[in-house]
Amino acid sequence: MASPSPKSPEQTEKTKQYDRQLRLWGDHGQMALEHGHVCLINATALGTEVLKSIVLPGVGSITIADDKTVSDDDIGNNFFLESSSNGLNRGSEALRLLLELNPAVQGHAVQEPTDQILRENPDFFKAFSVVVATALEDKTIQNLAQHLWDINVPFILCRSVGFLGSFRIQIKEHAVVETHPDNEQTDLRLDVPFPALAEYLDGFDIDGVELKDHGHIPWIVILYKAVQKWQISNTNCWPMSRKQKNEVKSIIEEFIRKDENGIPINEENFEEALRAVNTALMPTFLPTNIQNLLYSSAATNLTKESSPFWIMCSALRNFIESEGKGKLPLRGVLPDMTASTEHYIKLQNIYRSQAAMETEIIYRKVQQIIAQLHCENISEGEVKLFCRHAHDLYLIKGSNIATEHQLGGTVAAYISRYLEEPDVMMVHYILLRAAEMFRSEHCRAPGDWEPEGDIAMLKTCVNKILSDISCSPFPKDDHIHEMCRYGGAEIHSVSAFLGGCVAHEAIKIVTKQYKPVNNTFIYDGASTNTTTFTF
Amino acid sequence: MATGESQTPDYQQRKWQNLRKLLERSGPFCHPDFEPSAEILDFIMNSCKVLIVGAGGLGCELLKDLALMGFKKIHIVDMDTIELSNLNRQFLFRKNDIGLSKAKCAVEFVNKRIPGCEATAHHCAIQDLDEGFYKQFHIVVCGLDSIVARRWLNGMLMSLLQYNDDRSLDQSTVIPLVDGGTEGFKGNARVILPGMSACIECTLDLYPPQKTFPLCTIANTPRLPEHCIEYVKVIQWAKENPWGTTTGLDGDDPQHVAWVYEKAQERALKYGIANVTYRLTQGVLKNIIPAVASTNAAIAAFCATEVFKLATSCCVNMNNYMVLNMADGVYTYTFSAEKSPDCVACSNNTQVMEIQAEATLQMIYDKLCEDQLYMMKSPGITTVINGRNKTLYMSSIKSIEERTRDNLKKKITDLGLYNGADILVADVTTPNTITIKLKFIENIDVEMSR
Ligand SMILES: [Zn+2]
């Protein structure tokens, strides 16, 4: 027998290597990642663990800024340092070993302290898609955060002490089109069928269908017919209440064919129609969060500097107000359902064509805006993606870490509210901050040499923070004692957990897919607790 | 290494300073039994034996994590060899390593990077190692993608349990199992104390049912691109045997995948179905689970922290199941999975199966496959009649399957089974034969018609 030799489709070395992640963020997500440049300040165990999970999936380039020299305890908890690294620059050593993971990634090391870079070459940071920093002093954190806020570069600050860890994302504004929700709402428009759909559904004669094809009618048709029948005695009404929906269900049950003994024939599509009554009859509406987004000033007052996201929001709003008649563009996705191929494909094409038509209208609106503003072009692919996910658009408006650290604005009230509960994770947050304050004042970690002696001094730091936010001191010293016990130790598995999470968030920010943490994540490895705060 | 330290024992070196702070100091949140001392790190380094099962995405991370948490006597077992698609997360491997043993490569790398680490590799299936092997470990940590293998390993650890005369558990036979798993941006981790807390078999309902497509849809009414691919895989391949009757479809052979892809495209075109892609074809053929470095890193580290707690008693372990979702923010949820009193693997009770006297062997077989308690893959059923073993049904060996196939249709009473009879069941999901006592119940339908 002659061996078949089919044409092998284009499968590059790269798509093979990245196959498992391309299934999550797609080729376009990968391309965004490969254009990303991530900066790490301080190649501690936490720092290198972050970079590890960014280098492996193939970020464009990394830069490590670290002026420290490798010590024995660095080697003890950091996989990207080796015995021979002792005494050498930590960033350069870590960079060398990290780049071995993926030859496609570019790397640079800068041996200057962050304060000096901020003073002498603040533009250094403009090149990055995101800056990740760890083991910084409080003052440096504030200066760096303020600078990155001003130049609009996303910043992730992370900490790892003993069993405790945290990261805080500072990003002025972050829009996500592809949020990848677990349960995507279906968008079927049965209550407001567009002309092509109405024509198809109205032309469908359920009773005229032969028995063998009866089990192949898509449930959408069954449901639509049942509601129409229901509307004969409920004019100008849409089934909303449980009672009304049950009435629709009874009508569907009447549709089911019976055998010669009057026993209903089990047909999967009718079962599906009955199950769909509760979800698919939800009226088509414009979700409030999307409405707020579309009418926010960024979307209504476009300038030449407006991002593609806001330009598309503006075009979308215009569509909703005119052609869309108050509705979002059709999603154009038909869920799988029991049906003959012919029925299903026909229905699928009806939804797809309508969605394509509406996308086309919005694309033209986008082009008009671009022509008016003389700004950079937005591709049709981008607009398509935007319309496809218009129901799930997501925007984070971030806050400044410098403000948080000065306990300004609403931060004090926010913290004290959690402390009153009392929320132990907020206590951990205070301790992490207090330990940083201690380090600034005493140039070492609390409990670095011996724990008991530092309890009183750390308590002073804790109380300073608590009094700044008008909270009373903690009734017990146990968490302060625990922090002193840690003595500034960085435990590898705690850092590795956080490193995985921070890398993940950095990738979300660079690819603009999936919702990142908003904005502070706290982890306690001892009690295996995690939580998210929004400062 | 600083010269002044070359004489001091390893666990006293400055290199391990971070761990020593945790282990040589007491704190208000420590485990009640925790006694801080230098001996704990000494134990981790020189006595505590840990087995890592799987040297893939989780296994590589676990090996690194545990080695940097002071563990030295680490064994790692994996039968797989390195592939290009592993390299986006299995960070101990390079392109030059493709085709080599995962376990061996991982061990070589970590032993070199971390002086003093004495990891040992086993390039074989977990089923090739016996009780004596598993018995030597203090803790087993598992990072597998196969549910069957995970269940087998769980069964092995449960079978090591011994009970005292008063039926109480002999604590010295308990080997804790820490288990991690990931899928895309989601994962889970759990701590199992065999015989004491919920085991893998106790909570089989936590695994989502496998997605399958009905044969009639694939053959007659395809609607999705997956249906077309599945058709070529299940029906067309066997019909056309493109590489001859002796060559089965191999999802790892790019020629095979390309053939399926082309045929699926033809079928899709015929039915007007869009979006059959090469990537999708591969995904359906190999049942590929998406995977990314970051999720693996987080889950493995979480497991490593629990291993460290078990080995040092420095704090209480999590109780006992954690789910992680990194798709929408980063979210964890911990709950206590409950031990099932009837668990096939970890309860010390006699297994009883209620069945009608009129039942056929097929009904027992189906129960073993479908009942949440068993969820077996291809159980082999034997019994003992008059002191002699009798095979009732076994599908794993072709000649026996053919010889015993007819038994499935027979009534169990015609096969010599009776109320109170024991059946012995073997399956890939467990290393041990399970004895199940039959308990006849009245047929309710018969009762009503009387
Ligand atoms: Zn169990």
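**Exercises on a predicted two-chain model**

In this predicted model, the lining of the largest cavity splits into six nonpolar, one polar and two charged residues. Let's unpack that, then move on to the interface and the metal.

**Exercise 1.** Work out which residues line the largest cavity.

*Solution.* Start with the count: five cavities reach 30 Å³ or more. Pick the largest, with about 50 Å³ of space. Now list its lining: chain A gives Ile75(A), Asn78(A), Phe79(A) and Leu81(A), and chain B gives Lys15(B), Leu68(B), Arg113(B), Ile114(B) and Pro115(B). Sort them by class: Asn78(A) is the polar one, and Lys15(B) and Arg113(B) are the charged pair.

**Exercise 2.** Describe the contact between chain A and chain B, and find the three residues of chain A that supply the most buried area.

*Solution.* First, the head count: 92 residues of chain A meet 93 residues of chain B. Next, the area: the two chains bury about 7600 Å² between them, with 58% of it on carbon and sulfur atoms. Then zoom in on chain A: Arg20(A), Phe79(A) and Arg485(A) supply 12% of what chain A buries against chain B, more than any other three residues. Phe79(A) also turned up in the cavity lining.

**Exercise 3.** Assign the geometry of the zinc ion's site.

*Solution.* Collect the donors: the SG atoms of Cys199(B), Cys202(B), Cys343(B) and Cys346(B), at 2.2 to 2.3 Å. Their spacing in sequence reads C-x2-C-x140-C-x2-C. Now check the angles, which run from 99 to 118°. The tetrahedral window is 85 to 135 degrees, so the site counts as tetrahedral. To finish, look at accessibility: Cys199(B) and Cys202(B) are both buried.

Methods: Residues numbered from 1 in each chain as written. Chains lettered and ligands numbered in written order. Predicted model: local features only at pLDDT ≥ 70, side-chain atom pairs only at ≥ 80, totals over all residues. Heavy atoms only, no water. Donors = N, O, S within 2.8 Å, 3.2 Å for Na, K, Ca; no water. Tetrahedral: all angles 85-135°; square planar, octahedral: opposite > 155°, others 65-115°. Buried < 20%, exposed > 50% of the residue type's maximum accessible area, 1.4 Å probe, protein only. 1 Å grid on protein atoms, 1.4 Å probe; cavity = no way out; pocket = protein on both sides within 12 Å on 5 of 7 lines; lining within 4 Å. Points joined across faces, edges and corners; volume = space filled by probe spheres on them. Contact = heavy atoms within 4.5 Å. Buried area = accessible area lost by both parts, 1.4 Å probe.
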